[in-house]
Amino acid sequence: MRIDVVSIFPTYFDGLTLSLLGRAQSTGILDLSVHDLREWTSDRHRTVDDTPYGGGAGMVMKPEPWGLALDELAAPAETVSETPRPTIIFPSPAGEVFTQATARDLATREHLIFGCGRYEGIDERVFEYAADLGEVRLISLGDYVLNGGEVAVMAMVEAIGRLIPGVVGNPESLVEESHEDGLLEYPSYTKPSIWREREVPPILLSGNHGAIATWRHEQQLERTRQRRPDLLG
Ligand code: 6GU
């Protein structure tokens with residue numbers, strides 16, 4: 001999978017070279033490039049924002065640098081006219097909410113472009129223009145406000161990246177996780193069997209795999225009922 005990220009703070013994404021996603025990049029499973037939006041400015045001050053038409057607080061990101069960035073990153077590869085259209089994602093608190101289902105969907109795409117807005121947002125015409133180049137998605141992490149899209153994109157790239165086949169060494173660790181089956185994960189324990197007078201639930205030491213599976217499922221249901229009843233519908 002190819003992922004391009006455009007931001008005025010590209011160093012935010014240095015952390016994505018660590019650990020699992022770093023290894024996926026060295027093995028070629030993931031081709032991740034982070035770009036500075038200011039590369040597509042031409043004035044001496046490398047300006048990316050301006051005052052809003054109609055007045056109001058804050059600044060709006062200018063369309064021209066975004067247009068040039070999208071032209072370059074979404075362009076079909078030369079010679080091959082069959083290159084798939086990219087999925088172009090703009091992180092936004094006004095977008096659809098990102099879930100594990102969103103991550104699973106986006107993990108099947110060949111090319112993702114993330115455009116990180118700052119200030120009061122990006123000139124609306126950029127979203128219209130992007131729709132001519134690919135499938136545009138506005139996606140929110142949840143119902144709270146961040147200063148910009150960078151932290152949201154870090155989270156989305158990690159959630160998506162670990163679902164690409166080969167990124168997580170043991171694919172079985174992907175199935176028994178919170179949210180994969182619509183329930184929260186069951187509790188885990190390791191040695192010692194008694195720690196500071198607290199015992200591991202005896203069923204886990206019984207060797208009865210059927211009973212353990214039933215107990216774990218009950219724990220999932222109980223935790224989900226207590227912490228996230230909304231997931232049970
Ligand atoms: Cl994607 N962006 C910003 N700026 N704030 C957010 C968000 C995204 N998701 C939740 N809050």
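Trainee: Which residues surround the ligand?

Mentor: Here is the list for this predicted model. Around the ligand are Pro91, Ser92, Pro93, Ile139, Ser140, Leu141, Gly142, Tyr144, Val145, Leu146, Gly148 and Ala152. A residue makes the list if one of its heavy atoms lies within 4 Å of the ligand.

Trainee: How many residues of that shell are nonpolar, polar or charged?

Mentor: Eight are nonpolar and four are polar. No charged residue belongs to the shell around the ligand.

Trainee: Which strands supply the shell around the ligand?

Mentor: Look at β5 and β7, as each supplies at least two of its residues. The top contributor is β5, with three.

Trainee: How do I read polar contacts to the ligand, and which residues have an N or O atom there?

Mentor: Look for pairs of N or O atoms within 3.5 Å. Then note whether the protein atom belongs to the backbone or to a side chain. For tyrosine 144, a backbone N or O atom is 2.5 Å from a ligand nitrogen. Serine 140 uses an N or O atom of its side chain, 3.4 Å from a nitrogen of the ligand. Leucine 146 again places a backbone N or O atom by a ligand nitrogen, at 3.1 Å.

Trainee: How much of the ligand's accessible area does the protein cover?

Mentor: On its own, the ligand has 290 Å² of accessible area. The protein covers 96% of that.

Trainee: How do I find empty space in a structure, and in which pocket does the ligand sit?

Mentor: The general idea is that rolling a probe the size of a water molecule over the atoms shows where empty space is left. In this model, the ligand sits in the largest pocket. That pocket holds about 470 Å³ of space. Its lining has 25 residues, and those closest to the centre are Pro91, Ser92, Pro93, Gly117 and Gly121. Two elements give two or more residues to this lining: β5 (87-97) and β7 (135-140). The largest share comes from β5, with five residues.

Trainee: What classes of residue line the largest pocket?

Mentor: Its lining has 14 nonpolar, eight polar and three charged residues.

Trainee: How much space lies in the second largest pocket, and what lines it?

Mentor: About 250 Å³. Its lining is made of Asp50, Thr51, Pro52, Tyr53, Val60, Met61, Lys62, Pro63, Glu64, Asp123 and Arg125. Both β4 (60-61) and α2 (63-74) give two or more residues to that lining. By class, five are nonpolar, one is polar and five are charged.

Trainee: Now the backbone. Which two residues does a cis peptide bond join?

Mentor: Read the omega angle. Lysine 191 and proline 192 are joined by a cis peptide bond, with omega about 5°. Find proline 192 in the loop between α5 (150-161) and β8 (194-195).

Trainee: And phi? Which residue has a positive phi although it is not a glycine?

Mentor: Serine 19, with a phi of about 55°. Look for serine 19 in helix α1, which runs over residues 19-26.

Trainee: Let me recap. The ligand sits in the largest pocket, and its shell has no charged residues.

Mentor: Good. Add the polar contacts too: the side chain of serine 140, and the backbone of tyrosine 144 and of leucine 146.

Note on methods. Residues numbered from 1 in each chain as written. Predicted model: local features only at pLDDT ≥ 70, side-chain atom pairs only at ≥ 80, totals over all residues. Heavy atoms only, no water. 1 Å grid on protein atoms, 1.4 Å probe; cavity = no way out; pocket = protein on both sides within 12 Å on 5 of 7 lines; lining within 4 Å. Points joined across faces, edges and corners; volume = space filled by probe spheres on them. Helix = DSSP H or I, 4+ residues; strand = E, 2+ residues; numbered from the N terminus. Nonpolar A, V, L, I, M, F, W, Y, C, P; charged D, E, K, R; others polar. Polar contact = N/O pair within 3.5 Å; in protein donor to acceptor, adjacent residues only side chain to side chain. Areas by Shrake-Rupley, 256 points an atom, 1.4 Å probe, with all protein chains shown as cover. Sits in = over half its atoms within 2 Å of the grid points.
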